[in-house]
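I opened my notebook for a new structure. These entries record what I looked up, in the order I went.

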Amino acid sequence: MEMEFSPEELAFQQEVRTFIAENYPAQLRGKQDEGDELSKEDFLAWHKVLYEKGWIAPAWPVEYGGTGWTPTQRFIFSEETARAECVKLMPFGLTMVGPVIYTFGTPEQKARFLPRILSGEDWWCQGYSEPGAGSDLASLRTAAVREGDEYIVNGQKTWTTLAQHADWGFFLVRTNKDAKPQEGISFLLIDMKTPGITVRPIITLGGEHEVNEVFLENVRVPADQLVYEENKGWTCAKFLLAHERTGIAGVASSKRGLEKVKEIARTEVDGDKPLLSNAFFKRKVAELEIDLTALEFTELRGLAGPNANKGPGPESSLLKIKGSEIQQRLTELTLEAVGHYGAPYFRGFDEGDNAHPIGPDYAHRAAPTYFNMRKTTIYGGSNEIQRGIIAKMVLGL
Amino acid sequence: MDFTYTETQDMIRDTLSRFLSDSYDFEHRQKLIASDAGRDPGVWKALAQDLGMLGAAFSEEQGGLGGGALEHAIIMEEMGKVLAVEPYIPTVVVAGSALTAVGGPLAEQMIPAIIGGEAIVAFAYAEPQGRYNPANLRTTAKKEGGSYVLNGHKAVVYAAPWATHLLVTARTGGSQSERDGISLFLIDAKTAGISRRDYPTVDGNRASEVYFENVSVPADALLGAEGGALPLIEKIMDEATVAICAEAVGVMHKLHEGTLEYTQQRKQFGVPISKFQVLQHRMVDMFMEWEQSKSMTLMATLKLGLPDNERKAAVSACKAKVSRAAKFVGQNAIQTHGGIGITQELAIGHYFKRATLIEGQFGSHDFHMDRFEQLVLPD
């Protein structure tokens with residue numbers, strides 16, 4: 001039992017720290033500091049730096065482009081990137097469809113798609129949820145009918161994150177209407193430029209265009225873009241879901257978020273004292289800090305404990321539940337902390353507009369971020385679904 | 001970074017678990033705690049002499065197995081699973097750690113007696129007016145020639161009816177809540193002038209009000225520096241706090257497990273009540289509180305060796321979280337059992353009682369939140 005990093009791990013930590021300091025794109029840093037909306041190119045700028053270094057997919061097997069790091073090294077890497085506030089890498093290719101392809105795909109699919117996921121050439125989106133299939137995902141109705149060497153796809157997907165940027169999408173489609181819901185689903189890779197696909201924005205509470213509706217009308221998909229076997233898509237989906245939950249605790253970025261809340265609460269004045277000296281506010285910050293420590297050590301016990309090499313199990317649902325609750329509480333405290341200046345609606349800078357927005361800088365995004373982060377307990381399997389998973393898989397109920 | 005246990009640690013857990021499941025069968029425990037003595041002295045002897053358990057955390061030089069805080073945690077988690085009433089925390093964790101820290105002839109004489117099971121030490125630190133502040137003391141120790149004379153009243157001293165020795169905090173100087181002027185004494189429990197009112201506690205342990213009336217003890221009963229013992233007292237109390245959190249983890253284990261089993265047997269509306277989603281989700285919440293308690297206990301155990309303020313912040317974070325968790329898991333275990341949960345018949349209620357008292361021992365949730373805030377978020 002050893003809580004501290006070994007000398008080798010400390011050296012690795014230093015290496016990562018130095019690399020970020022020397023290679024993080026300066027223009028991107030500037031935009032982040034200004035609170036500007038980030039473009040596709042911005043997200044990809046950091047992706048490309050990591051790709052060139054060979055650090056883009058630490059969790060992948062080495063043969064497909066992984067780094068061969070230990071779980072502790074991966075933990076250090078994610079801590080350091082969060083500490084330095086690097087933009088988050090888009091998960092759709094790297095942590096979602098990539099692992100599905102190298103686990104279930106054909107040699108041709110691996111060769112065709114994996115290198116472009118690593119390089120960032122292809123931007124992926126996830127076609128899972130439908131208007132009538134949310135938590136009950138297996139009830140999805142988007143249908144794919146085989147015609148010769150093609151599938152003809154018809155239906156509608158929703159909540160498709162950043163589909164407006166996507167080159168490719170991985171879709172769950174129904175290929176057998178007569179089987180049990182889970183046994184009639186297939187996993188299809190679809191070029192988003194295929195005729196018959198329409199992407200329409202959904203604007204969320206913070207005013208962002210983050211998610212979309214995707215309509216598929218007689219979309220013709222070559223049959224060699226089916227992953228695994230027809231009607232075995234649910235296997236891929238379950239695999240992906242477990243994979244998606246790794247790192248979903250978000251400990252490192254929540255630690256940084258907590259520091260920011262403290263900074264704000266030291267700056268804001270309540271009477272003749274900093275807000276952080278208000279006993280009620282302080283207690284909420286303290287409780288959040290303690291809960292974050294509990295989450296961190298729960299993650300570490302899994303990462304470097306007796307089951308370290310077994311990969312994420314259903315226990316990762318706990319990390320998702322507690323991690324998402326903490327992310328939300330951070331945004332809640334930030335909004336509380338900024339007081340009146342949570343109210344002004346800041347639409348971002350217009351071209352050539354130099355007028356400073358109203359209120360302190362840290363207040364501009366407080367309410368939109370609070371609104372936006374309500375998603376964390378809903379997406380990736382809602383927290384109620386996660387409780388169901390623990391009840392069934394861990395408690396055996 | 002490595003969060004695995006050694007083979008020796010796994011062996012300690014397995015051996016102890018097997019021994020305790022025999023010696024602390026629930027029915028048997030209920031008879032023991034209702035007996036005059038309130039315990040079976042043979043269990044303590046066996047823990048010491050047959051299993052070598054009381055030496056697990058002492059260094060090999062001291063005659064132990066070379067363990068430390070992790071061994072304390074393993075042992076107390078197992079004790080918690082069977083609701084053991086053994087005086088492990090005051091004797092081995094608190095007195096053992098104080099003696100190890102101070103060293104000298106008294107340590108050389110006492111530690112083998114602790115490891116061998118001959119000595120039982122009760123920790124007399126709490127006072128009726130002091131709540132959880134170990135510096136709030138009215139008990140005095142006045143130096144008179146080659147000895148100290150103690151006067152005062154110590155509250156709810158666990159295991160005092162069984163103790164061969166008392167570890168006593170007293171003022172050799174300073175005012176009632178001052179940090180300076182506090183001393184620590186290890187004294188023979190039969191010293192003239194000590195009187196006790198013994199009683200059972202609501203969770204089946206035994207404790208006493210201990211009164212000191214002109215109790216004269218030799219000067220070599222003093223542990224550490226006269227008037228400067230508070231940092232040591234805080235340290236041993238932190239070690240005890242983590243150990244009792246480990247006990248809470250064991251207690252929660254059984255509360256959770258018992259609730260799962262009961263809901264799978266109990267039928268209402270024609271189905272086992274474990275099929276109801278509202279109860280499933282509650283049991284998941286109980287599970288998550290228990291898991292997080294394990295994490296916090298491990299975190300604090302590993303941080304016991306850090307500098308004072310880091311150690312205190314870690315221990316307070318742990319106790320605050322575990323106190324809340326113990327309350328949540330305990331109350332929901334009873335609620336889920338329904339009427340049968342509030343009877344003496346089932347073990348579940350007895351685990352609930354122990355969980356309830358652990359919440360307050362060595363500082364409540366509120367006490368530890370305050371201490372955490374003073375260290376981590378100072379004004």
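**Entry: Leu83(B).** I started with Leu83(B) in this predicted model. Is Leu83(B) buried or exposed? I counted 24 other C-beta atoms within 10 Å of Leu83(B), so Leu83(B) is buried. The cut-off for buried is 20 or more. I then looked up where Leu83(B) sits, and found it in the loop between α4 (69–82) and α5 of chain B. Its phi caught my eye. Leu83(B) is not a glycine, yet its phi is positive, about 55°. Most residues other than glycine have a negative phi.

**Entry: other positive phi values.** I noted Ala159(B) next. It is another residue other than glycine with a positive phi, near 70°. Ala159(B) lies in the loop between β3 and β4 (165–171) of chain B. It counts as buried because it has 24 C-beta neighbours inside 10 Å. I also wrote down Phe362(B), which follows α10(B) and has a positive phi near 55°.

**Entry: a hairpin.** How do β2 (residues 140–144) and β3 (residues 147–158) of chain B run? They run antiparallel, and five bridges join them. Two residues lie between β2(B) and β3(B), and the pair forms a hairpin. In the turn I found Gly145(B), with a positive phi of about 65°. Across the hairpin, Lys143(B) stands opposite Tyr148(B) of β3(B).

**Entry: Thr100(B).** I moved to helix α5 (residues 88–102) of chain B, where Thr100(B) is found. Thr100(B) has 17 other C-beta atoms within 10 Å, so it is partly exposed. I checked a residue far off in sequence. Ser59(B) is 41 residues from Thr100(B) along the chain, and their C-alpha atoms are separated by 9.4 Å.

**Entry: domains of chain B.** I listed the domains: domain 1 (7–119), domain 2 (122–228) and domain 3 (231–376) of chain B. The C-alpha centres of domain 1 and domain 2 of chain B are 23 Å apart. Where the two touch, 14 residues of domain 1 of chain B are in contact with 18 residues of domain 2 of chain B. Which elements give two or more residues to the domain 1 side? They are α5 and α6 (104–115) of chain B. α5(B) gives the most, with five residues. I sorted the residues on that side by type: twelve are nonpolar, one is polar and one is charged.

**Entry: domains of chain A.** I did the same listing for chain A: domain 1 (7–89), domain 2 (124–231) and domain 3 (246–394). Here the C-alpha centres of domain 1 and domain 2 of chain A lie 31 Å apart.

**Entry: the core.** Which residues have the most contacts inside the largest nonpolar core? I found Leu167(B) and Phe185(B), in a core of 160 residues. α7(B) supplies the largest share of this core, 16 residues. I followed Leu167(B) outward, leaving aside neighbours within four places in sequence. Its contacts include Val94(B), Ala95(B), Ala98(B), Leu184(B) and Leu186(B). A second, separate core has 51 residues, among them Leu50(A), Val100(A), Ala166(A) and Leu226(A).

**Entry: helix α10(B).** I looked up the buried residues of α10 (residues 347–360) of chain B. Among them are Ile348(B), Tyr351(B), Phe352(B), Ala355(B) and Ile358(B). His350(B) and Arg354(B) are buried too. What covers these residues includes α7 (230–265) and α9 of chain B.

**Entry: chain B as a whole.** I counted eleven helices and ten strands in chain B. Its C-alpha trace spans about 80 × 50 × 45 Å along the principal axes. The radius of gyration is 21 Å, which agrees with the value near 21 Å for a compact globule of 379 residues. Of those 379 residues, 53% count as buried. Among contacts between residues at least 6 apart in sequence, 73% join residues at least 24 apart.

**Entry: where the chains meet.** How many residues does each chain bring to the contact? Chain B brings 30 residues and chain A brings 32. On the chain B side, α8 (277–302), α9 (308–337) and α11 (365–376) give two or more residues each. α8(B) gives the largest share, 13 residues. The chain B side divides into 19 nonpolar, six polar and five charged residues.

Conventions:
Residues are numbered from 1 along each chain as its sequence is written. Chains are lettered from A and ligands numbered from 1 in the order in which they are written. This is a predicted model: local features need pLDDT of at least 70, side-chain atom pairs count only at pLDDT 80 or more; totals for chains, interfaces and linings use all residues. Two residues are in contact if their C-beta atoms, placed from the backbone, lie within 7 Å. Helices (H or I, at least four residues) and strands (E, at least two) are DSSP runs, numbered from the N terminus. Ala, Val, Leu, Ile, Met, Phe, Trp, Tyr, Cys and Pro count as nonpolar, Asp, Glu, Lys and Arg as charged, and the others, Gly among them, as polar. A residue is buried if 20 or more other C-beta atoms lie within 10 Å of its own, exposed if 12 or fewer, and partly exposed in between; C-beta atoms are placed from the backbone. Domain bounds come from an automatic or database domain assignment. The radius of gyration is taken over C-alpha atoms; the globule rule is 2.2 Å times the number of residues to the power 0.38. A nonpolar core is a set of buried Ala, Val, Leu, Ile, Met, Phe, Trp, Tyr and Cys residues joined through C-beta atoms within 7 Å. Two strands pair if DSSP finds at least two bridges between them.
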